[in-house]
Amino acid sequence: MRPPEFWRADASGRDAALTLRAVLTPVSWLYAFAAAQRQHTTTPRNAPVPVICVGNFTVGGAGKTPVSRALRAKLGPSAHTLSRGYGGRIEGPLRVTPDMDVREVGDEPLLHARDGGAWIARDRFAGATAAAQAGARAIIMDDGFQNPTLAKDLSIVVVDSEYGVGNGQVLPAGPLRERLSDGLARADAIVLLGPETEPHDWLSGFRKPILHARLEPAGIVPDAKLIAFAGLARPEKFFDTLALLGAKVAEAVPFGDHHFYSEDDLGVLAQMAEEREATLITTEKDAARLSPEWRARVAVLPVVARFTEDAALDDLLAPIRSRMNPPHG
């Protein structure tokens, strides 16, 4: 699903959808109340090892997965990732390997599995316990900030620096999963991911660490005409990245977030590329949703999260790292 325009902070007053937002506001009050009640009435369970949650305030992609992968690179192979396995059929707990079917486990776990230990579990506590029993000394949970069932030792919230928190309203009147004040109260740090922007008013009272990071390409763009396609919450971010790299994009084709590409979809894209004498290119996350045959026909541009304040990130992770070290003697 693409986020509706009236969720944006800069939605025009002439936008007819603003009327719909007003109609949906009472529903959002109920959603916010239910979210708060869940937090207040659920007793979190502690995993055998420290848990870092990388979440967001809003629905849709803010960059949790590349940030999670960057944290894992910092903490080393004994840090395993845990995710719900969105889009997959298996409930888990299950250890994911890179060769598994995306329709069974989801796309993001397949990316994590390329880095090392990766798990999916609808029951987050059960997943964290299974990972610890398999040798994990820390858990990096990709998403789950609003899930109160598993206690978190460190909650890092990723925010798209340009989109922010949208219009600041809760679903369905806005993109927030809960009241912003409730989320800020539980967050231990904020990562603003993307270009440097003017200070956000909604962060003016936040007194905990605010870090900055950017997504940088980790591959080479083909020197050819390109047909770019992406199924992300905001696919235009991928297209903008290609433009900044000077890529020769003949056509940019957006799909919905976590879109599973049918043979018809890919056939149309391939025909488009043939007619324009172009190469197909997509994201690493989208490539995980392609069959091996199609993956061999599509160029991929992976990205990594680079932190501006690397020392500040090390300081944030230091208590977790100290608990990961095996006891002496």
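Where does R45 lie, between which helix and which strand? In this predicted model, R45 lies in the loop that links α1 (17-41) to β1 (51-55).

**View 1. A look at R45 and its surroundings.** R45 counts as partly exposed, because its relative accessibility is 46%, and that falls between the 20% cut-off for buried and the 50% cut-off for exposed. Skip its neighbours within four places in sequence, and R45 is in contact with F125, T149, L150 and A151. E275 is another story: 230 residues separate R45 from E275 in sequence, and their C-alpha atoms are 56 Å apart in space.

**View 2. The open sheet and its edges.** Here you'll find nine strands with mixed pairing, in the order β3-β4-β2-β5-β1-β6-β7-β8-β13. The edges are β3 (94-95) and β13 (303-307), each of which pairs on one side only.

**View 3. Zooming in on β2 and β4.** Strand β2 (residues 79-83) and strand β4 (residues 118-120) run parallel, joined by three bridges. Look for L82, which stands opposite W119 in β4. Helix α4 (residues 107-115) lies across β2, β4 and β5 (138-142), and runs at about 155° to β4.

**View 4. Helix α11 and its bend.** Helix α11 covers residues 310-324, and its 15 residues should span 21 Å at 1.5 Å a residue. The C-alpha atoms at its ends are 20 Å apart, so the two values agree. Now find A318: α11 bends by about 45° there, and a proline, P319, follows within four residues. Which residues of α11 are buried? They are L313, L316, L317, I320 and M324.

Conventions: Residues numbered from 1 in each chain as written. Predicted model: local features only at pLDDT ≥ 70, side-chain atom pairs only at ≥ 80, totals over all residues. Heavy atoms only, no water. Helix = DSSP H or I, 4+ residues; strand = E, 2+ residues; numbered from the N terminus. Buried < 20%, exposed > 50% of the residue type's maximum accessible area, 1.4 Å probe, protein only. Contact = heavy atoms within 4.5 Å. Expected span 1.5 Å × (residues − 1). Bend = angle between axes of the 7 residues up to and from the residue. Pairing = 2+ DSSP bridges. Axes fitted to C-alpha atoms, helices over the stretch in contact; angles between N-to-C directions.
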